[in-house]
Amino acid sequence: MDFNEKQIQILKVAEKLFAEIGFDGTSVRHIAKEADVNVAMISYYFGSKEKLLEALLLYRVADFKMELETVMVQNLPHVEKLDALVSLMVNRIHRNRRTHKIINYEYTNTCRQIDFDAYVEQKRDSLGIIEAFVKDGQNKGVFKTDVHTKLLGATVIGTYFQVYNNKPFYKKLLELDSDEAFENYMLTSLTQHIQQTIKSLLLNEK
């Protein structure tokens, strides 16, 4: 699904508000005010607040697939491409923390009338790209064959949020004296740690 500039503006505002005050606490009128558009425009583009959330999820996951394909077509050895893949994933998680927060709550909310099917299908497509890359590495003897490929993403996401969601603790533990230092750590040292973890899971010992 392609979105125009105005739709993307609305989606980003909705993402911010859904993450900060919750889906239930956010009204279409509030989104319209923050996005500097009228309510009728949101209704025209998305139909309802539920459909707006569905569009937001599709927007984020489709964007990931495009970035993932860009990494996969690079002419790099498997190990370097794996590092690039993990770096991409960590950077995207860091940029889209709000979306992950929304998904974690709304996906398990059985009372909500949100259609996640298209989102899940897009996620499967992205996972398929990663699985094909790992399979190619296995066929060439670079990667181990006894690996749960479908759980690699969970390893990256879980490690990231374990640190980020316990920010005060890890700032003290890692002796990071500011929020800026913590943010930098997430995108450098933590990324390197996750890269090493994924490589230890995947790479055949020589």
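**Group meeting: salt bridges, pockets and one helix contact**

I'll start with one pair of residues: D125 and K65 form a salt bridge, and their closest N and O atoms lie 3.8 Å apart. This pair ties together distant parts of the chain, with D125 in helix α7 and K65 in helix α4, 60 residues apart. Bear in mind throughout that this is a predicted model.

How accessible are the two partners? D125 counts as partly exposed because its relative accessibility is 33%. K65 is also in the partly exposed class, because its relative accessible area is 23%. As general background, side chains of opposite charge can pair when their charged atoms come close.

Right beside D125 in the numbering is S126, also a residue of helix α7. Is S126 buried or exposed? S126 is buried, because its relative accessible area is 3% and the limit for buried is under 20%. Leaving out residues up to four places away in sequence, S126 touches V61, F64, K65 and L68. So K65 turns up twice on this slide: as the salt-bridge partner of D125, and among the residues that S126 touches.

Now the chain as a whole. It has eleven helices and zero strands. The C-alpha trace spans about 60 × 40 × 30 Å along its principal axes. There are 206 residues, and buried ones make up 41% of them. Of the contacts with a separation of 6 or more, 70% are between residues 24 or more positions apart.

Back to charges. How many salt bridges does the structure hold? The total is 13. I have covered one, and I'll go through some others.

A second bridge between distant parts of the chain joins R95 and E67, with the closest N and O atoms 3.3 Å apart. Here R95 sits in helix α5 and E67 in helix α4, 28 residues apart. R95 has 48% relative accessibility and therefore counts as partly exposed. E67, at 23%, is therefore partly exposed as well.

Another bridge is local. K51 pairs with E54, the closest N and O atoms being 3.4 Å apart. Why is about one helical turn the right description of their separation? Because K51 and E54 are three residues apart in helix α4. The two ends fall into separate accessibility classes: K51 counts as partly exposed at 43%, whereas E54 counts as buried at 12%.

Salt bridges also form a network, and one such network links K16, E20 and R98.

Next, the pockets. The largest has about 640 Å³ of space. Its lining has 30 residues, and those nearest its centre are F64, M89, K123, G153 and I157. F64 is a residue you have already heard, as one that S126 touches. Which helices supply at least two lining residues each? They are α4, α5, α6, α7, α8 and α11. Helix α7 gives the largest share, eight residues. By class, the lining divides into 19 nonpolar, six polar and five charged residues.

The second largest pocket has a volume of about 230 Å³. Its lining includes A19, E20, H94, R95, R98, F161 and Y164. Two or more lining residues come from each of α1, α5, α6 and α8. The largest share, five residues, belongs to α6. In this lining, three residues are nonpolar, four polar and five charged.

This second pocket connects to the salt bridges. R95 is in its lining, and R95 is the partner of E67. E20 and R98 line it too, and both belong to the network with K16.

Last item: one helix contact. The axes of α5, residues 78-95, and α10, residues 179-187, come within 9 Å and cross at roughly 145 degrees. On the α5 side the contact is made by V90, N91 and H94, and on the α10 side by E183, M186 and L187. Sorted by class, that is three nonpolar, two polar and one charged residues. H94 is another overlap, since H94 also lines the second largest pocket.

To close, three things to look for on the screen. Find D125 and K65, the bridge between α7 and α4. Find the largest pocket, with α7 as the main contributor to its lining at eight residues. Then find R95, which lines the second largest pocket and pairs with E67.

Methods:
Residues numbered from 1 in each chain as written. Predicted model: local features only at pLDDT ≥ 70, side-chain atom pairs only at ≥ 80, totals over all residues. Heavy atoms only, no water. Axes fitted to C-alpha atoms, helices over the stretch in contact; angles between N-to-C directions. Helix = DSSP H or I, 4+ residues; strand = E, 2+ residues; numbered from the N terminus. Contact = heavy atoms within 4.5 Å. Nonpolar A, V, L, I, M, F, W, Y, C, P; charged D, E, K, R; others polar. 1 Å grid on protein atoms, 1.4 Å probe; cavity = no way out; pocket = protein on both sides within 12 Å on 5 of 7 lines; lining within 4 Å. Points joined across faces, edges and corners; volume = space filled by probe spheres on them. Salt bridge = Lys/Arg side-chain N within 4 Å of Asp/Glu carboxyl O. Buried < 20%, exposed > 50% of the residue type's maximum accessible area, 1.4 Å probe, protein only.
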